[in-house]
Every structure is written in C-alpha cells, then in structure tokens.
Amino acid sequence: MRIAMIGAGYVGLVSGACFAEFGVDVTVMDVDPDRIEGLRAGRMPIYEPGLDKLVEENARDGRLNFTTDLAEAVRGADAVFLAVGTPTRRGDGHADLTYVYAAAEQVARAAQGPLVLVTKSTVPVGTGREVQAIVRRVRPDLPISVASNPEFLREGSAIGDFMRPDRVVIGVDDERALTALKRLYRPLYLIETPVLAVSLESAELIKYAANAFLATKITFINEIADLCEKVGADVHDVARGMGLDGRIGRKFLHPGPGYGGSCFPKDTLALARTAQDAGSPVRLVETTIAVNEARKAQMAERILAALGPNPAGRRVGVLGVTFKPETDDMRDAPSLVILPKLVAAGVEVRAFDPQPAHARQALPAAVSFAESALGAAEGADAVVVLTEWNEFRALAPDRLKAAMKGGIVLDLRNVWDPAAMRAAGFTYSSIGRP
Ligand code: NAD
C-alpha cells in the first residue's frame with residue numbers, strides 16, 4: 001500500500017516511519033522546508049529514542065520519502081493521514097482546527113482518484129463530519145472516504161507505543177475506509193492488538209475521554225500526595241495499595257509538579273469546551289484543569305519558601321525542564337510556569353536538561369544552562385528536580401553535596417530515597433512522602 005502523512009511532527013514522523021517499517025510505501029509531507037530538508041539529510045527535527053535509526057533504515061530502503069509538495073505526496077496514495085497540530089485556540093480554549101481544515105482541503109484538491117482521508121490529529125467531536133463536508137464541497141467528483149484514527153503514542157516511547165499499542169481505534173462511515181485501515185494495521189493482528197471499529201464521533205471522543213481520564217488520575221494522586229504530607233502517610237504506599245486493585249490499576253499514580261506536555265493540557269481544555277457547547281459539561285475535567293494549573297504555581301511557592309524569607313539573589317539548580325524524560329518537547333511543561341516565578345522573585349536559576357534543544361527559547365533569558373546535572377548544582381543553595389530523567393536517579397548524593405553551596409533539595413519527581421538523602425546531609429523534601 002501507499003500512504004501520505006501530512007505533518008512531520010512527533011506523531012506524523014513516528015507514525016510514518018512505523019508504517020514504513022510495516023512495509024508500507026510512505027511519503028511524509030510538511031510545510032516546513034527546513035524540516036524536510038533536514039529529514040532528507042538524516043537530521044531529526046525532534047528527539048525521540050530510536051527514531052533516527054528507524055527513519056534512516058526505511059529511507060535507505062526507499063519506503064520512506066519526504067517532501068514539501070502536497071500533490072506529490074497525495075499522488076497515488078491509498079490513504080492520506082492528517083497529523084498536523086491542533087493547538088489550543090487563543091482566547092477560548094477550543095482546539096484550533098485551522099491546520100486540519102486547510103490540509104483536508106489541500107488534499108482534496110490534489111487527489112487524483114479515490115482515497116481514504118484519515119485524521120490522526122486529536123480533533124474534537126464533529127471534526128470528521130466537517131472534513132467530510134469540505135471534501136464533498138471541493139471534490140464532489142471523487143469518492144473520498146473520511147476516517148478518524150486517533151493516535152495514543154507517548155513521546156519518549158513513541159515507537160514502541162505505535163508498534164505495540166493497547167488498541168487501534170478506527171472511526172469510519174463506510175467499508176472501504178475500514179478495509180484500507182485494517183490492511184494498514186495488519187501487522188498488529190499478529191500480536192493480537194484489539195482493533196475497534198466505531199463511528200467517527202465515538203473515535204474522536206475516545207481520544208479526549210482517555211486523555212482527560214489520565215489527566216484526572218494524575219491530578220487525583222497529586223491531591224492525595226498533598227494530603228499524605230499533612231497526615232504523615234507515604235503516597236507511594238498509598239498509590240501501590242490503591243493500584244493493586246485491578247479496577248484502578250497501578251499506572252499513572254505517580255505524584256509530581258502537575259501534568260504538562262503537548263496533549264493533556266490542551267486536550268482537557270478542548271474537551272471541557274466541547275462539552276460546554278454540547279450542554280453537557282464535564283465538571284470533573286474542569287476541576288482537574290483548575291487544580292493542575294494551581295499546582296504548578298504552588299510548586300514555585302514551595303521552592304521559594306524552601307529558600308527562606310529572602311529568596312532574591314539565591315541560586316537554584318534545576319534538573320530537567322522538558323515536560324517528561326526522553327523528549328525535547330517543552331510544550332506546556334511545568335517548568336514554563338515554575339521557572340519564570342523563580343526568576344521574578346530574583347532567584348538565580350541554572351538549569352540542566354539532557355535534551356535542551358527547545359528549552360532555551362521557551363524559558364526566560366535569565367535562566368542559564370549548564371552542561372551537566374552537577375554543573376547546574378555547582379554553587380547552588382538549592383537543587384530542584386523537575387523532570388525525572390534516569391541520569392538524575394544515578395547521581396551520587398556525596399558528589400551532588402560537594403558541588404552545591406547549600407543543602408536544600410526539592411525532589412518534585414521523587415527520584416531519590418528520602419532516608420539516603422537525609423543521611424547525606426541534605427534538607428530534603430519530596431512529594432507526598434514523610
Ligand atoms: P507537531 O507540532 O510536532 O507537528 C505538526 C507538524 O505539522 C509540524 O511539523 C507542522 O509544520 C506541520 N504542518 C502544519 N500545517 C501543515 C500543513 N497544512 N501541511 C503539512 N504540514 C503541516 O505536532 P504533534 O505533536 O505531532 O501533534 C500532531 C497531532 O497529534 C495533534 O493533534 C496532537 O494533539 C496529536 N497527538 C500528539 C501526540 C504527542 O505525543 N505529541 C500524541 C497523540 C496525538
């Protein structure tokens with residue numbers, strides 16, 4: 001089969017490379033010429049473990065091509081996937097569908113025969129119908145089927161997630177689209193991946209409901225962690241005791257400074273807006289959004305309080321600024337809320353992140369960057385862990401202590417053992433642990 005992937009971002013590039021690995025002939029198209037030129041030269045526009053090798057091998061074998069020419073990508077394609085961004089629309093929290101609708105129209109104009117137009121981007125309920133209307137208006141002459149195939153991969157483990165998903169969701173209106181998508185995902189039948197064929201509306205809502213549920217689960221354990229601190233319980237014991245109940249499950253019960261990233265914040269907001277418009281508000285999700293926003297600000301206050309009554313002029317070393325480990329993505333990272341508040345209070349902030357490609361532009365210019373974790377800790381009054389990169393777990397407490405001027409450690413990801421840190425002489429605090 002032959003497909004086109006419109007958008008060479010985290011989702012488009014990973015999905016395109018994985019489909020090529022499945023043996024499909026894939027052309028990835030993006031409007032950004034630098035991105036495409038870089039990809040042709042083997043340079044990845046994003047950091048995702050294993051992606052460079054997967055792209056290189058499939059490009060070398062001729063199954064994965066890159067272009068800025070939409071017509072070239074669409075020519076001869078059995079299916080065209082839209083994997084463009086759907087950021088929060090300025091002002092009202094709705095998903096901005098400008099890129100999706102523009103790309104759908106361009107694909108319809110470029111189509112030379114029947115094809116299946118698949119929305120992989122996360123889009124609110126009703127978008128598939130709107131895409132159908134666009135396609136029918138632009139190309140009444142062609143049988144173009146519209147489908148929804150939301151993507152559930154996680155940055156940092158995107159390739160494994162795509163190759164071994166918990167499920168594949170296919171929203172369709174007609175057999176032709178279903179047959180084409182089932183053919184594309186055939187390799188996953190071997191590992192018995194459940195494939196759900198549902199309506200366009202259900203597929204669109206599954207993605208938002210899943211993300212909102214996960215965001216709520218994180219927010220729930222964050223609030224329980226706060227309660228643990230007040231009453232002397234250990235959130236890890238509580239989470240384990242809860243999570244061993246099969247109805248609850250152990251995943252996503254790890255407390256932290258609040259969820260961030262390119263999906264949960266914007267998707268919870270968009271779901272809340274969709275639900276309000278439909279006259280069926282999701283108040284639990286609205287509360288999750290509010291609690292999470294407040295939490296990020298509280299984390300800055302917690303750091304400032306630990307620095308004492310005069311935080312101005314004191315130095316903080318920050319370990320990790322990306323929204324999670326194993327990615328360079330800074331979109332809606334908690335650091336974007338926390339670090340500006342520290343800077344505004346006159347704190348000298350020196351950060352280290354193993355993948356700082358986007359961090360420098362995203363954070364205030366006053367934040368300086370070190371080349372290593374110990375470099376960020378050098379001369380610091382306090383060290384704060386914001387992202388749980390594995391290498392931070394391996395830092396020897398005595399070396400950290402020797403590098404710092406003071407001994408305050410705020411471990412907002414619970415990467416270290418409280419007893420060991422206190423034994424090493426630190427004034428150590430973490431989330432939800434005595
Ligand atoms: P991204 O910003 O990394 O990539 C989007 C790409 O689309 C950019 O390279 C941009 O240049 C390109 N683009 C925009 N308009 C275009 C057009 N008209 N034609 C061609 N290319 C165009 O975005 P992403 O993180 O890959 O997310 C894409 C979608 O997938 C979003 O809806 C997102 O919610 C969803 N999603 C993301 C993730 C994730 O972990 N990032 C996971 C699941 C779903």
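1. Helix-packing angles here run from 0 to 180 degrees between N-to-C directions, with axes fitted to C-alpha atoms over the stretch in contact. On that basis, helix 12 (residues 264-277) and helix 13 (residues 283-306) pack at about 140 degrees. Their axes are 9 Å apart. The model is a predicted one.

2. The crossing of helix 12 past helix 13 is left-handed. Helix 12 brings Thr-268, Leu-269, Leu-271 and Ala-272 to the contact. Helix 13 answers with Val-285, Glu-286, Thr-288 and Ile-289. By class, that contact of helix 12 with helix 13 has five nonpolar, two polar and one charged residues.

3. Next, helix 10 and helix 11. Helix 10 spans residues 200-231 and helix 11 spans residues 235-243. They pack at an angle of about 135 degrees, and 9 Å separates their axes. Helix 10 is therefore oblique to helix 11. Helix 10 passes helix 11 in a right-handed crossing.

4. Which residues of helix 10 meet helix 11? They are Ile-221, Ile-224, Ala-225 and Cys-228. Opposite them in helix 11 stand Val-235, Val-238 and Ala-239. By class, this contact of helix 10 with helix 11 has seven nonpolar residues, with no polar and no charged ones.

5. A further pair is helix 5 (98-110) with helix 6 (residues 127-138). The angle is about 35 degrees, with the axes 9 Å apart. Helix 5 passes helix 6 in a right-handed crossing. From helix 5, the contact takes Val-100, Tyr-101, Ala-104, Glu-105, Ala-108 and Arg-109. From helix 6 come Thr-127, Val-131, Ile-134, Val-135 and Val-138. The class count for helix 5 with helix 6 is eight nonpolar, one polar and two charged residues.

6. Now the ligand. It is surrounded by 26 residues. The closest are Gly-7, Gly-9, Val-11, Ser-121 and Thr-122. Helix 1 (10-21) and helix 5 are the elements that give two or more residues to this shell. By class, the shell has 13 nonpolar, eight polar and five charged residues.

7. The UniProt record, an unreviewed entry, carries a "binding site" feature at Asp-30, Arg-35, Thr-86, Thr-122, Glu-155, Lys-266 and Arg-331. These positions are spread over 302 residues of sequence. They are also spread in space, up to 24.2 Å between C-alpha atoms. Thr-122 is listed in this feature and is among the residues closest to the ligand.

8. Another "binding site" list in the unreviewed UniProt entry gives Phe-152, Leu-153, Arg-154, Glu-155, Lys-207, Phe-252, Leu-253, His-254, Pro-255, Gly-256, Gly-260 and Lys-324. Do these residues gather at one spot or lie apart? They span 173 residues in sequence, and the farthest two C-alpha atoms are 23.4 Å apart, so they do not all gather at one spot.

9. Where does Glu-155 sit? Glu-155 is in the loop between strand 6 and helix 7. Leu-153 also lies in the loop between strand 6 (144-148) and helix 7 (158-163). Glu-155 appears in both UniProt lists.

10. Last, the C-terminal annotation. UniProt (unreviewed entry) assigns residues 317-418 to "domain: UDP-glucose/GDP-mannose dehydrogenase C-terminal". In the model, this span is 30% helix and 18% strand. Its end C-alpha atoms lie 19 Å apart. Two annotated binding-site positions are inside this domain range: Lys-324 and Arg-331.

Methods
Residues numbered from 1 in each chain as written. Predicted model: local features only at pLDDT ≥ 70, side-chain atom pairs only at ≥ 80, totals over all residues. Near = placed C-beta within 6 Å. Helix = DSSP H or I, 4+ residues; strand = E, 2+ residues; numbered from the N terminus. Nonpolar A, V, L, I, M, F, W, Y, C, P; charged D, E, K, R; others polar. Parallel < 35°, antiparallel > 145°, perpendicular 65-115°, else oblique. Left-handed = near helix turned anticlockwise from the far one by under 90°. Contact = placed C-beta atoms within 7 Å. UniProt positions renumbered as here; feature names shortened; annotations may be inferred.
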